[in-house]
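Thanks for coming, everyone. Let me walk you through one structure and the spaces inside it. Please have a look before I start.

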Amino acid sequence: MSTENNNQATFPATRMRRVRASDWSRRMVQENQLSINDLIWPIFIIEGKNKREAIKSMPDVDRLSIDLAVKAAIEAEALGIPAMAIFPSTPTKLKTASAKEALNKNNLVNSCVRAIKKKGLNIGIITDVALDPYTSHGHDGLMVGDEIVNDKTVDMLVKQAVVQAKAGCDIVAPSDMMDGRVGAIRTGLDKAGFEHVQIMAYSAKYASGFYGPFRDAVGSSGALKGDKRTYQMNPANSDEAMREVALDIREGADSVMVKPGMPYLDIVAKVKDTFGVPTYAYQVSGEYSMLCAAAENGWLDHDSVMMESLMSFKRAGADGILTYFAPHAAKLLQGK
Ligand code: PBG
């Protein structure tokens, strides 16, 4: 749509406030809608039974043992949330340089997927493909010397994705930013008979300070040596994001993601306008935490900034939002 409309009369014939005067009229002219179908709920899991651990930097977000994660999935399905993403907080003793726990078919994530899938719920389960929960150095890839090596990491990621598919996940989401991983994972999944498993590619994932609370949640912040700037994108770049997305689509991604969310809505809009593929945005941990912290201080109204921030993703063109607010927002949208 052109912003310059030459047929539009000027004031006083045009009064923009006319349609804003009442609730019914505001609803009638509303351009974008946020629905429960737009929400994807990321959760954190831990070992143990009936265990719930608060995450200091993420108010109201807990690490859950698998039995409680199953309950969360049942709750999510009842709320109408279409999908959940599962992130493990791996015990330190299982983290190694080779990240071999990533390939353990009975690791936390895979066991959790199987436990949820047994319930036969109408909800999609997304698993993260990346090595950072399993490496002793906290990087998403394998290290040789100081380098995060690409191709050897991709070989591991393919195996990790296949193990997750075997556990029953519906969507694998590579969040590692290695080159060529989407194509390799697609080929690996197909060869293993998982052509029905979707790939949601973290295509434009930036090296961001907003991931801090997440790294607390999964216990990788202490471990992380250095930063992730040799594989995650420079926040200054936009054209590069288009190239990343184009490659992932060509390699077989079913949907793409931009991450973080709110500081990168320009990228979300450009991706959706350029490619017209299912486009998701991740309202990451730091975005969640800063809104909650301000609300806890009484500086912002929690629910209104939550809904406004979620709507901003829809306005930018996102088809859905990964957000820790998902259950709370779903309840509000249900009128509960
Ligand atoms: C790691 C991964 C990260 C997030 C999702 N997957 C952190 C990172 O790249 O360091 C961040 C999510 C969030 O901050 O909410 N592969």
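**Ligand, cavities and pocket**

Start at the ligand. One of its oxygen atoms is 2.6 Å from an N or O atom in the side chain of tyrosine 324. Keep in mind that this is a predicted model.

Two other side chains belong in the picture here. Glutamine 232 has a side-chain N or O atom 2.9 Å from an oxygen atom of the ligand. Aspartate 140 works with a nitrogen instead: a nitrogen atom of the ligand is 3.0 Å from an N or O atom in the aspartate 140 side chain.

How much of the ligand does the protein bury? Taken alone, the ligand exposes 400 Å², and 100% of that is buried by the protein.

Now the neighbours. There are 17 residues around the ligand. Those that come nearest are Ser175, Arg215, Lys259, Ser285 and Tyr324. By class, this shell has seven nonpolar, three polar and seven charged residues.

Next, the cavities. How many of 30 Å³ or more turn up in a search of the whole structure? The search finds three. The largest has a volume of about 140 Å³. Its lining has 17 residues, and Asp132, Lys205, Tyr211, Phe214 and Lys259 are the closest to its centre. Which elements each supply at least two residues of that lining? They are the strand β9 (198–205) and the helix α6 (212–217). The lining of the largest cavity divides into seven nonpolar, three polar and seven charged residues.

And what is this space? The largest cavity is the space taken by the ligand. So much for the ligand site.

On to the second largest cavity. Its volume is about 40 Å³. Among the residues that line it are Ala85, Ile86, Phe87, Ile126, Thr127 and Asp128. Tyr202, Met257 and Leu322 are also included in the lining. The strands β4 (83–88) and β5 (124–129) each supply at least two of the lining residues. By class, the count is eight nonpolar, one polar and one charged.

Now the largest pocket. It holds about 410 Å³ of space. Its lining is made of 20 residues. Trp41, Asp60, Val61, Tyr324 and Pro327 lie nearest the centre of the pocket. Four elements give two or more residues to this lining: β1 (39–46), β3 (62–65), α2 (66–79) and α11 (326–333). The lining of the pocket divides into 12 nonpolar, two polar and six charged residues.

Notice tyrosine 324. It is listed with the residues nearest the ligand, and also with those nearest the centre of the largest pocket.

Last, the backbone. Where are the cis peptide bonds I want to show you? One joins phenylalanine 11 and proline 12, with omega about 10 degrees. Proline 12 is in the segment before α1 (23–28). Another cis bond runs from lysine 259 to proline 260, with omega near -10 degrees. Proline 260 lies in the loop between β10 (255–259) and α8 (265–275). You have met lysine 259 already: it is listed with the residues that come nearest the ligand.

One more backbone point. Alanine 99 has a positive phi, near 55 degrees, and is a residue other than glycine. You will find alanine 99 in the loop between β4 and α3 (108–117).

That is the tour. Over to you.

Terms used: Residues numbered from 1 in each chain as written. Predicted model: local features only at pLDDT ≥ 70, side-chain atom pairs only at ≥ 80, totals over all residues. Heavy atoms only, no water. 1 Å grid on protein atoms, 1.4 Å probe; cavity = no way out; pocket = protein on both sides within 12 Å on 5 of 7 lines; lining within 4 Å. Points joined across faces, edges and corners; volume = space filled by probe spheres on them. Nonpolar A, V, L, I, M, F, W, Y, C, P; charged D, E, K, R; others polar. Near = heavy atom within 4 Å. Polar contact = N/O pair within 3.5 Å; in protein donor to acceptor, adjacent residues only side chain to side chain. Areas by Shrake-Rupley, 256 points an atom, 1.4 Å probe, with all protein chains shown as cover. Sits in = over half its atoms within 2 Å of the grid points.
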